[in-house]
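Please find some notes below for a reader who is new to this entry. They are set out as numbered points.

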Amino acid sequence: MIDSNFIADRIAALRTAQNVSARDMSLSLGQSQSYINNIENKKALPSMQMFLYICEYLKIEPKDFFDESVSSPDKINEVIKALKPLKRDQLDILLTLVKEMK
């Protein structure tokens, strides 16, 4: 079961990874300047609608939010988007490179 600590900590981690302040994120979401800070300090939880807006703001899918094994889901999504037009042989080369990097 997901608890409020996970939600607060994950929002903080994803926001910090994108180098965005809690205040800027709050205002960009159309909320008071302390909105995200209140969530991260476990004083509030976002509504489902706001959760979806937060994911959109962070450029991630809701499923990515809950996948702790991926520290930068926004970058993963960006890479996947860039890979889609590549040909199979190009993808094979990149796959070999990625395997070498692990």
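1. Glutamate 40 is in contact with Ala8, Ile11, Ala12, Arg15 and Ala22, when its neighbours within four places in sequence are left aside. The model is a predicted one, and these notes should be read with that in mind.

2. Glutamate 40 belongs to helix H3, which covers residues 35–40. Its relative accessible area is 13%, so glutamate 40 counts as buried, the limit being under 20%.

3. What joins the side chains of glutamate 40 and arginine 15? A polar contact of 2.7 Å does so. Arg15 is also one of the residues listed above as contacts of glutamate 40.

4. Turning to the rings, there are five aromatic pairs by the rule applied, which asks for ring centres within 6.5 Å. One of them is formed by phenylalanine 6 and phenylalanine 66, with ring centres 5.9 Å apart and planes at 15°. This pair is stacked because its planes are under 30 degrees apart.

5. Where do the two partners sit in the chain? Phenylalanine 6 is in helix H1 (residues 4–17), while phenylalanine 66 is in the loop between helix H5 (62–65) and helix H6 (73–83). The pair therefore links distant parts of the chain, 60 residues apart.

6. Are phenylalanine 6 and phenylalanine 66 buried or exposed? Phenylalanine 6 has 13% relative accessibility and so counts as buried. Phenylalanine 66, at 38%, counts as partly exposed, because that value falls between the limits of 20% and 50%.

7. Phenylalanine 51 and phenylalanine 65 also make an aromatic pair, with 5.0 Å from centre to centre and 90° between the planes. The arrangement is edge-to-face, a class that requires planes over 60 degrees apart.

8. Phenylalanine 51 lies in helix H4 (residues 48–57) and phenylalanine 65 in helix H5, so this pair ties together parts 14 residues apart in sequence. Phenylalanine 51 is buried, at a relative accessible area of 8%. Phenylalanine 65 is buried too, and its relative accessible area is 0%.

9. The four phenylalanines should be read together: ring pairs link Phe6, Phe51, Phe65 and Phe66 into a cluster.

10. On the surface, Leu91, Leu94, Leu97 and Met101 form a nonpolar patch. Together these residues have about 370 Å² of accessible area.

11. Leucine 94, one of the patch residues, is found in helix H7, which spans residues 88–101. At 32% relative accessibility, leucine 94 counts as partly exposed. That value meets the patch requirement of over 30% relative accessible area.

Methods
Residues numbered from 1 in each chain as written. Predicted model: local features only at pLDDT ≥ 70, side-chain atom pairs only at ≥ 80, totals over all residues. Heavy atoms only, no water. Phe/Tyr/Trp six-rings, centres within 6.5 Å; stacked < 30°, edge-to-face > 60°. Helix = DSSP H or I, 4+ residues; strand = E, 2+ residues; numbered from the N terminus. Buried < 20%, exposed > 50% of the residue type's maximum accessible area, 1.4 Å probe, protein only. Polar contact = N/O pair within 3.5 Å; in protein donor to acceptor, adjacent residues only side chain to side chain. Contact = heavy atoms within 4.5 Å. Patch = residues over 30% accessible without salt bridge, like charges linked within 9 Å, V, L, I, M, F, W, Y side chains within 5 Å. Areas by Shrake-Rupley, 256 points an atom, 1.4 Å probe, with all protein chains shown as cover. Salt bridge = Lys/Arg side-chain N within 4 Å of Asp/Glu carboxyl O.
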